[in-house]
Amino acid sequence: MDYLSEMALFVEVAEAKGFSKAAAKLGMPQSTLSRRVGELEKQLGLQLLNRTTRRVELTEAGLRYFERVKPIVEEVRRIHDELGGMLVRPHGVLRVSLPVDFSYEFLAPLLPKFAAQYPEIGLEMDVTPRKADLIGEPFDLVIRTGEQPDSSYIATVLMHAERYLYASPSYLAKHGEPQTPYDLCAADCLRFQTASSWTLVNTMDETVQTTAESHYAVNSIGMLARMAVHGLGVAFIPAMAAEKYETEGRLKRILPDWHGQSVPVYALTATRLLPAKTKCFIEFLRSRMKAT
């Protein structure tokens, strides 16, 4: 027997001083309500209500029971209302694990906008390249780039980051600007540590693969962008990592008809049943990423 449900029904009858009013308020048949309260009385072995054709009154046991269970029922209702509010009113602390470059290059400039739009959401951000465990660690959300291995996590695509070729005006003035992908063989191709070659696709869907050769390799997209800014070579990076420098004139996009395979950016959660704070953060990122 679901005692909590039956207790709540009893409280409604006691407050309404009748089954008909309580049934109307609850939206259930009066006969069903009467039967369920009767089952509660049988389980307790006590009569809680004196029923007459005109009214319902609490017995001595019923009055004592009502005084004890009403606060319990009200507390449960408050908890449900509070948790329900989490679904409609975004508030509370959101714990997020984020890649280093994503945090610095993309998220940090957006935080003032997010704070203004959602002033009741606090962010605790773990900025790290490691793979966070949504089950074993206290994270609500994990942001990761690149294809993700199959897992029990729910993956929401935030964007597909297009990659392009960039170099500084000083580098191009000194070494000349490549005119075809094959010219990259003679260039200083600043490479990501795990990538020894670049695959480029043009607007005609033609594909060229070239070797990335340089004295420098790094595991940070942001560092690659800065190295290119300082004239160390050509960087093959997502547009959002180069946007600021390109606007400032410190980087120039080269071979504009060519681009790399896009890199997916995912929001990973442990469940689809998300509170408002998590939903709002994901949708905020998706809307901003589409705008870039």
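1. A good place to start is Glu39, which counts as partly exposed at 32% relative accessibility. Please keep in mind as you read that this is a predicted model. The side chain of Glu39 meets that of Arg35 in a salt bridge, with N to O at 3.1 Å. Arg35 is also partly exposed, its relative accessible area being 44%. Why are the two separated by about one helical turn? Because Glu39 and Arg35 sit four residues apart in helix α3, which covers residues 30-44.

2. Stay with helix α3 for a moment and look at Glu41. Its partner in a salt bridge is Arg51, and the closest N and O atoms are 2.8 Å apart. Arg51 belongs to strand β1 (residues 49-51) while Glu41 belongs to helix α3, so this pair ties together parts that are ten residues apart in sequence. Is each partner buried or exposed, or something in between? Arg51 has 36% relative accessibility and so counts as partly exposed. Glu41 has a relative accessible area of 10%, so Glu41 is buried; the cut-off for buried is under 20%.

3. Next, try helix α9, which runs over residues 276-291. Here the side chains of Arg286 and Glu283 form a salt bridge, at 3.6 Å from N to O. These two residues are three apart in the helix, about one turn. Arg286 counts as partly exposed at 26% relative accessibility, and Glu283 is partly exposed too, at 44%.

4. How many salt bridges does the structure hold? There are 14, and the pairs above are among them. Salt bridges can also join up: Glu15, Lys70 and Glu74 are linked in a network of them. Finding those three residues on the structure would be a nice exercise.

5. Now for the rings. The structure holds six aromatic pairs. One of them is Phe114 with Phe281, an edge-to-face pair whose centres are 5.3 Å apart and whose planes make an angle of 90°. That angle is over 60 degrees, so the pair counts as edge-to-face. Phe114 is in helix α5 (residues 100-117) and Phe281 is in helix α9, so the pair ties together parts that are 167 residues apart in sequence. Both Phe114 and Phe281 are buried.

6. Another aromatic pair is made by Trp198 and Phe236, and this one is tilted: 5.2 Å from centre to centre, with 45° between the planes. Which parts does it connect? Trp198 lies in strand β8 (residues 197-202) and Phe236 in strand β11 (residues 234-238), so parts 38 residues apart in sequence are tied together. Trp198 is buried, as is Phe236.

7. Rings can form groups as well as pairs. Phe114 and Phe281 return here, because ring pairs (centres within 6.5 Å) link them with Tyr118 and Phe284 into a cluster. A charged residue can meet a ring too: Arg253 lies over the face of Tyr164, 3.6 Å from the ring centre.

8. Finally, have a look at Thr210, which is found in strand β9 (residues 207-211). Is Thr210 buried or exposed? With 4% relative accessibility, Thr210 counts as buried. Leaving aside residues up to four places away in sequence, Thr210 touches Pro181, Leu184, Cys185, Ser197 and Trp198. You have already met Trp198, the partner of Phe236 in the tilted pair.

Definitions and conventions:
Residues numbered from 1 in each chain as written. Predicted model: local features only at pLDDT ≥ 70, side-chain atom pairs only at ≥ 80, totals over all residues. Heavy atoms only, no water. Buried < 20%, exposed > 50% of the residue type's maximum accessible area, 1.4 Å probe, protein only. Contact = heavy atoms within 4.5 Å. Salt bridge = Lys/Arg side-chain N within 4 Å of Asp/Glu carboxyl O. Phe/Tyr/Trp six-rings, centres within 6.5 Å; stacked < 30°, edge-to-face > 60°. Lys NZ or Arg CZ within 6 Å of the ring centre and 35° of its normal.
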